Every structure is written in C-alpha cells, then in structure tokens.
Amino acid sequence: MTILLCAALAACAPQEVVQSTAPEAPATVAVAQPAPPPPVVALPYGDAVKLAARDLFTKAKLPDGQSFNLVIDPLVDGTTGMQSVATVAMEQQVTEIVANNYPRYQVKPFNSANLAAAPLVFIGTFTPINLQGKASGERDAYRVCFALADLKTGKIVSKGFARSQTDGIDPTPLPYFRDAPLWVNDKIVEGYIKTCQGTSAGDPINAAYLDKVSVVAGIDEATKAYNNRKYKDSLALFTALLRNPAGDQPRVHTGIYLSNAKLGRRNAAMQEFSKMASRGMGAKRLAVKFGFQNGGSALAKDQNPYDSWLKELASVSSKLAKTSETCFEVGGHTGRGGSEPLNERLALQRAEYVKQRLLAVRKDLANVITTKGYGSSEALVATGKGDPFDSLDRRIEFKSTQCPTKS
C-alpha cells in the first residue's frame, strides 16, 4: 500500500530533475526460527507408570468387542537386564491398572501353560537416564518403556513411554541378580530389551526373544524359587531347563551355580562358573563382580570364593589363549563417585591387581593379558549410589583382543 501511495503522489507533483542518491539498503527479512523443543518432564513415579500404561493400552489396535488373555513377563532394568525391587513394584502396579481400567484384558499367571496358548505378552524396561541427554551425566530420572507383543502374530501391538522421577524408587536388585558372580550378554534378555526399546507398533518381536519364549516362564519360576531361598527347588528347576535346547543359556547356568553355592556344593558350583566364564570370554566380553576394599585395589574380605574364581578365570584364559590365539584386556571399572582422574587410576590399579593374581596361578598368561583403567566412563548403571544396585559398575571386565604380532 505504501509503494502505491508514493507512486500516486509522484504523478500529481510538478516534474523536476532530482539528483540521484545512494539506494537504501534492502530491508532485512526476519526468518522465523523453530521453537526449541519443550523440556522433557519427569513425572512422579506412580503418575509415570499410569501414563505409560494409558499410552500403551489406548493405542493398541485390536479387534473391538473381544477380550484378550495377557501375561506379564517380569520387567527389567533396560541396561543390565536385572530385576529389582522397583521392577517388581512396577509390575504389581501395572496389574492393578489393567484390572481397574482395562477389563478386556484378563491378566493370567506367567507360566508355560499360559504361554502355550499364545497370549498377549506385556514387557517393560525401567532404565536410569539423564534428562539432558548426556551419556556421562548424572542419571536423574528413569525411562519407562512398555510394549504389548502378540505371540499369535509375532508382532508388536502397541508401545507406551514416560519419564519418572527418582524419588521413592528402590533399585535394589533381587537376590538372584545381586548374587550372580558374572555378567554375560544373554541373547534372550537382549531380545526382550530390544523388543521393548527398539521397535514400533507393527514391527516383529525380536527373534532372539520370540524363539526362546518357551523357556522364559521356567526361568522365572526357578529364579523366584532362588529369591525365596528354596535352593533345592531352584537347583532342580534350573537343571531341568537344560533338557530343552533353548534352556542352555547364561541365566540358567547362573542359577545352577548360585543354587549349588547356597547348598554348599562347591565343586558343582565352580564347574558352572567355568562354563559361564568360557562362554563369556568366547563371546568376547565377560564382567566379573569382584568386590574391592572401599577406595582400595585389593579384594574385599567377604564370603565370596574369590580365590576359586581367579583360579577358574586363569585356567579359561590360558586355554582360550592356546586354542584360539586370543589375548585379553583386563579392564577396571568404577562407579561414578569421586573425581574421574581418581576413578581411572583406581580402576587401573584394580585391573593390575587382578592380573597379578591371575599370573600367580598361570605364569603363561604374562604375554596374553594387558590392563586398562576405564574409571566410570563405561558405567552401566551410573547412579553413583555405591550400593548393590550399581555393583556392576565396579566390575572387572575381560575382553578378547588381537594378540600383538611377533617380530
């Protein structure tokens, strides 16, 4: 409008010669900047579970007018695969939410008979996270992830998510997971976590989980027997699972070790320890939950048979080094407490201590093992609590490496 008005006035004015002047600089056009994403909000724990459950069930695309049997595969920590007091409490809350708000779903016990009928399976992870997205930062919240899997179609039906505050949460591991001496990558557990965290509605259930689902209820039954201190029952249940080819996996051998150890069957326990160590090192990664003296590099004086563990680890390392020409890095790890330079030094000292203990058993490992201190840079739990929940952060980890070429 301004340009048209100026043109009209110029037409009516007397004509005269006007000295030209420098043109004005063009007006700067403001470019709208995208609004910053809203901050991620962590809700109180109970509200977060309700939100994730509502998100899951309201988005589930299932035929109207039908009811469905639902089993809950015990929820786990999304980084370690461990079950804790918190994951058990969450499962109980989910069961109540379904019963009170979603009558079309009938929650059935998680057992082999109900799994054989190919029901819907509810799975979930509860994972410490950093709300600022920093991998090395303080874990100041939890990520709640729920998934609904249909065993009949092999597909994911729905997903639900929320963020939870940390107040009022008890992350203490259940006895089986607290007592386990080794941490080995478990394909079934990995498949469970990937099914929850790495899929969208309509995607197939992770094959590693789906193919072995026939034994997961038996593992849960045996694990609960151990947690309830019924060690003879847990030993019988874990051992029976080996008759199924799908049962030959780390959680089962861990259960056999733990049950034998509690029953005082030391030789039988160490046979299972050796099997687990061989598998872990053969799979290129094995974490050992040694307990160290507070702030020191020597092993703590507790009831764990560390001497026996070291003897078996030395034997397995030596055998693999000879048969597959494999070398090993013994890596020390710490929790998040303290300064990182101090953590790195302490981690290296602990790794070197373990190396020297291994060499005392097998001198032929001298040119096979190297050491490294990682500090807290690869913390798996990273809460910095210094309690049993993050004991896995304070681990010694064996990684297979390529041996240096001989000149």
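**Entry 1: α9 against α10**

I began with helix α9 (residues 231-241) and α10 in this predicted model. Their axes lie 9 Å apart, and the packing angle is about 150 degrees. An angle over 145 counts as roughly antiparallel, so that is how α9 runs relative to α10. I noted a left-handed crossing where α9 passes α10.

Next I listed who touches whom. From α9 I have Y231, S234, L235, F238, T239 and L241. Across from them, α10 offers R251, V252, G255, I256, S259, N260 and K262. Sorted by class, this contact of α9 with α10 holds 6 nonpolar, 5 polar and 2 charged residues.

**Entry 2: α10 against α11**

I stayed with α10 and turned to helix α11 (residues 266-282). How far apart are the axes of α10 and α11? I found 8 Å, with a packing angle of about 155 degrees. That angle makes α10 roughly antiparallel to α11. The crossing of α10 and α11 is left-handed.

On the α10 side I wrote down P250, H253, T254, I256, Y257, N260 and A261. These meet A268, A269, M270, E272, F273, K275, M276 and R279 in α11. The class tally for the contact of α10 with α11 is 9 nonpolar, 3 polar and 3 charged.

I256 and N260 caught my eye here: I had them in the α10 list against α9, and they turn up again in the α10 list against α11.

**Entry 3: α2 against α3**

Then I went back towards the start of the chain, to helix α2 (residues 45-59) and helix α3 (residues 85-101). Are they roughly parallel or oblique to each other? The angle is about 55 degrees, with the axes 10 Å apart, and α2 and α3 are therefore oblique to each other. α2 passes α3 in a right-handed crossing.

For the α2 side of the contact I have Y45, G46, V49, K50, A53 and F57. Their partners in α3 are A86, A89, M90, Q93, V94, I97 and V98. By class I get 10 nonpolar, 2 polar and 1 charged residues for the contact of α2 with α3.

**Entry 4: enclosed space**

Time to look for holes. Rolling a probe the size of a water molecule over the atoms shows where empty space is left. How many cavities of 30 Å³ or more are there? The count comes to 2.

The largest cavity has a volume of about 160 Å³. I counted 15 residues in its lining, with D73, P74, V76, Q83 and R251 nearest the centre. α6 and α8 (213-227) are the elements that give two or more residues to the lining of the largest cavity. Of these, α8 makes the largest share, 4 residues. The lining of the largest cavity divides into 9 nonpolar, 3 polar and 3 charged residues.

R251 was already in my notes, on the α10 side of the contact with α9.

**Entry 5: the second largest pocket**

Last, I checked an open space. The second largest pocket holds about 400 Å³. Which residues lie nearest its centre? I noted T80, W183, V184, D186 and V189, out of 22 residues that line the second largest pocket.

α5 (175-179), β6 (182-183), α6 (187-197) and α10 (250-262) each supply at least two of the lining residues of the second largest pocket. By class, this lining has 12 nonpolar, 6 polar and 4 charged residues.

My closing note is on α10, which packs with α9, packs with α11 and helps line the second largest pocket.

Note on methods:
Residues are numbered from 1 along each chain as its sequence is written. This is a predicted model: local features need pLDDT of at least 70, side-chain atom pairs count only at pLDDT 80 or more; totals for chains, interfaces and linings use all residues. Side-chain values use heavy atoms; hydrogens and water are left out. Axes are lines fitted to C-alpha atoms, for helices over the stretch in contact, and angles run from 0 to 180 degrees between N-to-C directions. Angles under 35 degrees count as roughly parallel, over 145 as roughly antiparallel, 65 to 115 as roughly perpendicular and the rest as oblique. A crossing is left-handed if the near helix is turned anticlockwise from the far one by less than a right angle, and right-handed if clockwise. Contact means heavy atoms within 4.5 Å. Ala, Val, Leu, Ile, Met, Phe, Trp, Tyr, Cys and Pro count as nonpolar, Asp, Glu, Lys and Arg as charged, and the others, Gly among them, as polar. On a 1 Å grid over the protein atoms alone, a cavity is a set of points where a 1.4 Å probe fits but cannot get out, and a pocket is an open set with protein on both sides within 12 Å along at least five of seven lines; lining residues have an atom within 4 Å of a point. Grid points are joined across faces, edges and corners, and a volume is the space filled by probe spheres set on the points.
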